Amino acid sequence: MVADLSILKVASAMAQHAAMRHRVLSENMANADTPGFKARDIPAFDPKEALKQARRNAAEGQPFASPVDNLRPFEVETYESSPNGNTVSVQEQMVSATDAQAQHQAALTIYRKSMDLLRLSVTGRIR
């Protein structure tokens, strides 16, 4: 029987992180022409730290607190800004959004495959 389902909690936290990053990046894009707006981002997701936290909370009998709960967007340092003081680079935001989408897809794949393994262990078949 499966005793440790921390991987599902980590996959969920990873998907939440990607969603939060999408939200921050979309705010950047929406304000690409706003005078004085500073581009923001959030710290990178650390799956090892999330897994350690999930296992620590499980061992202590505490609910898993998503690492995303404590994240705060920070101002991105850029080399150039527009004449109106805006630091949003549409090209950089698109690259970052693609990265966040890939992270979200990876989280969903991890979750889906973990569920397939659980289903296989219980029923003897995947579908």
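Let's start with a term: two residues are in contact when heavy atoms of theirs lie within 4.5 Å. Keep in mind that this is a predicted model, where local features need a pLDDT of at least 70, side-chain atom pairs count only at pLDDT 80 or more, and totals for chains, interfaces and linings use all residues. Residues are numbered from 1 along each chain as its sequence is written, and side-chain values use heavy atoms, with hydrogens and water left out.

Now for the overall layout. The protein chain has three helices and two strands, where helices (H or I, at least four residues) and strands (E, at least two) are DSSP runs numbered from the N terminus. Walk along the sequence and you meet them in the order α-β-α-β-α. The radius of gyration, taken over C-alpha atoms, is 19 Å, well over the 14 Å that the globule rule (2.2 Å times the number of residues to the power 0.38) gives for 127 residues, so the protein chain is more spread out than a compact globule. Along the principal axes, its C-alpha trace spans about 60 × 35 × 20 Å.

How much of the chain is buried? Buried residues make up 30% of the 127, with buried meaning under 20% relative accessible area, exposed over 50%, and partly exposed in between (1.4 Å probe, protein chains only). As for contacts between residues at least 6 apart in sequence, 75% of them join residues at least 24 apart.

Next, have a look at helix α3, which runs over residues 90-123. Its 34 residues reach 49 Å from the first C-alpha to the last, close to the expected 50 Å, a span worked out as 1.5 Å times one less than the number of residues. Which residues of α3 are buried? They are Gln93, Ser96, Ala100, Gln103, Ala107, Ser114 and Asp116, and what covers them includes α1 (6-30). Just after α3 comes glycine 124, with a positive phi of about 85 degrees.

Finally, drop in on alanine 65, which sits in the loop between α2 (47-59) and β2 (74-75). Is alanine 65 buried or partly exposed? Its relative accessibility is 36%, so alanine 65 counts as partly exposed. Setting aside neighbours within four places in sequence, alanine 65 is in contact with Gln53 and Asn57. From alanine 65 to serine 121, you would count 56 residues in sequence and cross 28 Å in space, C-alpha to C-alpha.
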